[in-house]
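Notebook open, coffee poured. Today I'm looking up a few links and contacts, one entry at a time.

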Amino acid sequence: MSAPFPLPATVKTYVTTPKGFGWTVGLGQQNASEDDTDVFYGEESPVSYRAGRTYESTYNVGVFSPLVGGAYGAWRSGDTLDLCVPDLADGAGHPASSVAARHTTVTAGGSTLLDNDGDLCQTVDDLPAGSTRYTIRTDLTRPATVAATTSRLTAAWTFTSKHTSQQPSASTPLPLSTVRFHPTLTPTGTAASGRRTTVPLSIEGPAAKHLKSLVVKVSYDAGATWSAVGVTTDHGKKTLAITHPAKARSVSFKTTLTDTEGNTYSATILRAYLLT
């Protein structure tokens, strides 16, 4: 374990590389008094490194938003829903546990099945057996002492589901998708104002291959006003071309996605990144 260091920082760590030996890397952002961890990142599995080589990873730089795919998403077994979606994964896709005020609900056909201040890793029992329209919704706010970016996030998924096999090995994945934004940012999560920039997008989940529609809006006044922005697709890669106003101090995004089966994802990310 390293000694604490102030952020932002570039840190080089040397490790030994015995044959077949793996390392897991974790990073924690402590609060000002260094008595608690406000944000924590941990690798999902050990990584083996080769001697004489340098490996680089960037942590804790936005845009912070929900992440699905692999071990993250939602599954149904019988009439039980298991949900685990990192709501504030960083721009590089590292899942994070972050201090925030949260509220999460799950509804089915208009009936509320879950309503609490938990995150997006929860279990919901007693789902309706018949085919029903579901909505998973979360709303979180991060204190400025924890992070200046993604100060507030609202996200919602809608999909249709019905009773499935109760065998654990036969858990049915539910069609949750996300849209993620990948601007080039400084280690403090900023970009230059008064410049035109390209923001790459990535779509995760079933909509990555079965996208029906995607609408993106941008705000330069923390959500007071919004403007639609066109999404360009070139060789399968989606991007936004936007111009940062000279006097703006932040960029926020609002997005709505629908896949070919009618499942939707919508999200609003306030202060996705800052402008200087």
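My entries below go through a small sheet, one asparagine, the salt bridges and the disulfide. I kept in mind throughout that this is a predicted model.

**Entry 1: the sheet**

I started with an open sheet of 3 strands, in the order β1-β2-β5 with antiparallel pairing. Which strands stand at the edges? They are β1 (26–30) and β5, and each has a single partner strand, so one side of each is left without a neighbour in the sheet. I also looked up the turn between neighbouring strands here, which is 10° on average, direction ignored. A reminder to myself: strands of a sheet pair through backbone hydrogen bonds, either parallel or antiparallel.

Next I followed one pairing. β1 and β2 pair in the antiparallel sense over 5 bridges. I picked out glutamine 29, whose bridge partner in β2 is valine 39.

**Entry 2: asparagine 60**

Glutamine 29 turned up again when I looked at asparagine 60: the two side chains make a polar contact at 2.8 Å. Where is asparagine 60 found? I traced it to the loop between β2 (37–42) and β3 (73–77). Is asparagine 60 buried or exposed? It's buried, because its relative accessible area is 19% and the cut-off for buried is under 20%.

I then listed what asparagine 60 touches, leaving aside its neighbours within four places in sequence: Leu7, Gln29, Val39, Tyr41 and Asp90. So Gln29 and Val39, the bridge partners from my sheet entry, are both on the contact list of asparagine 60, which is buried.

**Entry 3: salt bridges**

How many salt bridges are there? I got a count of 3, and I took them in turn.

Aspartate 79 forms one with arginine 76, where the closest N and O atoms are 2.8 Å apart. Arginine 76 is buried, with a relative accessible area of 0%. Aspartate 79 is partly exposed at 21%.

Arginine 102 and aspartate 87 form another, with their closest N and O atoms 2.6 Å apart. This pair links distant parts of the chain: arginine 102 is in strand β6 (residues 101–108), aspartate 87 is in the loop between β4 (80–84) and β5 (96–98), and they are 15 residues apart. I noted that arginine 102 and aspartate 87 are both buried.

Arginine 152 and aspartate 139 meet through their side chains, 2.6 Å from N to O. Arginine 152 lies in strand β10 (residues 152–161) and aspartate 139 in strand β9 (residues 132–141), so this salt bridge ties together parts that are 13 residues apart in sequence. Arginine 152 is partly exposed, with a relative accessible area of 37%, and aspartate 139 is partly exposed too, at 26%.

**Entry 4: the disulfide**

I searched the whole structure and found 1 disulfide. Which cysteines does it join? They are cysteine 84 and cysteine 121, with S to S at 2.1 Å. Cysteine 84 lies in strand β4 and cysteine 121 in strand β8 (residues 121–124), so the pair ties together parts that are 37 residues apart in sequence.

Why do I call this disulfide right-handed? Because the torsion about the S-S bond of cysteine 84 and cysteine 121 is about 70°. Last lookup of the day: cysteine 84 is partly exposed, with a relative accessible area of 25%, and cysteine 121 is partly exposed at 35%.

Notes:
Residues numbered from 1 in each chain as written. Predicted model: local features only at pLDDT ≥ 70, side-chain atom pairs only at ≥ 80, totals over all residues. Heavy atoms only, no water. Helix = DSSP H or I, 4+ residues; strand = E, 2+ residues; numbered from the N terminus. Buried < 20%, exposed > 50% of the residue type's maximum accessible area, 1.4 Å probe, protein only. Polar contact = N/O pair within 3.5 Å; in protein donor to acceptor, adjacent residues only side chain to side chain. Contact = heavy atoms within 4.5 Å. Salt bridge = Lys/Arg side-chain N within 4 Å of Asp/Glu carboxyl O. Disulfide = S-S within 2.5 Å. Pairing = 2+ DSSP bridges. Axes fitted to C-alpha atoms, helices over the stretch in contact; angles between N-to-C directions.
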